[in-house]
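Work through the exercises below with the sequence and the structure in view. Try each task before reading its solution.

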There are 2 protein chains.
Amino acid sequence: MSIDKKELIMQTAISLFSEKGFEGTSIRDLAQKAEVNIAMVNYYFGSKEKLFEAIVEEKVRYIKGRIEDLENDKNLTEIEKIDLIIEAYVNRFLSYPDFHKVMEQEMLVSQREDLHQKVIEVVTQNINNFTKIIEKGIRKKVFKKVDAPLLFASIIGTINQVLKSKQICCVYIFRESNKDFNPYSNEQFRKRLVTHIQQMVHSTLLQ
Amino acid sequence: MSIDKKELIMQTAISLFSEKGFEGTSIRDLAQKAEVNIAMVNYYFGSKEKLFEAIVEEKVRYIKGRIEDLENDKNLTEIEKIDLIIEAYVNRFLSYPDFHKVMEQEMLVSQREDLHQKVIEVVTQNINNFTKIIEKGIRKKVFKKVDAPLLFASIIGTINQVLKSKQICCVYIFRESNKDFNPYSNEQFRKRLVTHIQQMVHSTLLQ
DNA sequence: TTGAATTAAACAAACGTTTGATTTATTTTT
DNA sequence: AAAAATAAATCAAACGTTTGTTTAATTCAA
């Protein structure tokens, strides 16, 4: 029963942190929503801050390898790799929107120094891996000379922009706010987002 | 002496909120950094939350009219308008990075319902104003058929991405972390960011 | 002399955390 | 296989701090 409860606390924490922020979520809120005793968070994680670290560390590792795998795939052209990276990021971000909002907050607010460095390390690797692919395409003269790191910023930035809040996302979809629609689990929107980014990146990269 | 002190509190609050978040900043922190008495925040603003509202409301109004002015300018072509909008946003965001981090947090965390709605209202207007210009260009057949709201998300998203933290921004510039460099006040980087976004948008929009 | 500005001190409420007792589960011994 | 012993999980209650806010006295300026 213990491992399930530990995972339950983490999932509930992701939900609450993404909604109210880390400092804005009290352990009492968390315990109540997860239906566990207040003492359980400290029992399993040691402290509220270590719970936060556990959440980030567990998930950060998952994303790390994705682009590297694609980069090393010899059977794909550069533009195919880029298209797959875009789709992978959109799918990942839309599948775990709450978690990514928590990560966004961690990047925005640098209260926890060690954790912040760990996140920056991963971001750095992702930027550099993406840049390598682009620059290979430029050397092969299949890509135009572009600002590769900033193009990566545009891709991730676009996704983050719609991930900010469901309501804001609805404005991008319907051009007006909507409280009752969940855009993140909508397949039509997912495709639209992927298509937009891919077309934009194609226009920017290809002759 | 009073108006200066009120402004001093607001400026100090923007600095601290952007660094530690709203919930992560205590009135004692704020009072100490601004070198005022703890009671002054409540004396001038009524409460910590109303101070936050005052910050957002004051600045939100400023941004509002900018795009509308450009939209109504008859002497500019559509692509010229878009270029000016991009430059205006970059200049504004890089000039007040702390304030925009505070706004980012407000969008990410929806703790203060009224304020959140106000921010969403402004965002909605900006998206729709931008979209109008694009769709006019599409009707005139000077622009390709693009996803206008999502293109706006890409523009703002790119800027937000480098605005997340100075350290992360340095990774986009130097491809490695750097704690001692302030990218936001660097003219070279500002130009590079404007150029990248403009070129990307040109490629996406123009035949 | 009046009203605004400023202060130190105190307020109750909420916070993260710890305690020590109690229940539940697992292992060891008979 | 039953009983005893040990370990893990859960709990209500309390801990000491910190929080945002208020008070009532004092200083300052008009």
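**Exercise 1.** Which atom of DNA strand D lies 2.9 Å from a backbone N or O atom of I27(B)?

*Solution.* The partner of the I27(B) backbone atom is a phosphate oxygen of DNA strand D. Such a pair is a polar contact (a pair of N or O atoms within 3.5 Å; within protein, one must be able to donate a hydrogen and the other to accept it, and residues adjacent in sequence count only if both atoms are side-chain atoms).

The model is predicted: local features need pLDDT of at least 70, side-chain atom pairs count only at pLDDT 80 or more, and totals for chains, interfaces and linings use all residues. Residues are numbered from 1 along each chain as its sequence is written, chains are lettered from A and ligands numbered from 1 in the order in which they are written, and side-chain values use heavy atoms, with hydrogens and water left out.

**Exercise 2.** Describe the protein surface near DNA strand D.

*Solution.* Step 1: count the residues near the strand (one heavy atom within 4 Å of it). There are 18, and the closest are Y43(A), Y44(A), I27(B), R28(B) and K48(B).

Step 2: look at two side chains. Y44(A) has a side-chain N or O atom 2.8 Å from a phosphate oxygen of DNA strand D. R28(B) instead places a polar side-chain atom 2.9 Å from a base oxygen of DNA strand D.

Step 3: find the main contributor among the helices (DSSP runs of H or I, at least four residues, numbered from the N terminus). Helix 3 of chain A gives the largest share of this surface, four residues.

**Exercise 3.** Which residues of chains A and B make polar contacts with DNA strand C?

*Solution.* Step 1: in chain A, one of them is R28(A), with a side-chain N or O atom 2.8 Å from a base oxygen of DNA strand C.

Step 2: in chain B, K5(B) has a polar side-chain atom 3.1 Å from a phosphate oxygen of DNA strand C. The side chain of Y44(B) has an N or O atom 2.9 Å from a phosphate oxygen of DNA strand C.

Step 3: helix 3 of chain B gives the most to the surface near DNA strand C, four residues.

**Exercise 4.** Which residues of helix 5 of chain A meet helix 8 of chain A?

*Solution.* Contact means heavy atoms within 4.5 Å. By that rule I86(A), Y89(A), V90(A), F93(A) and L94(A) of helix 5 of chain A meet residues of helix 8 of chain A, including F152(A), I155(A) and N160(A).

Notes
Helices (H or I, at least four residues) and strands (E, at least two) are DSSP runs, numbered from the N terminus.
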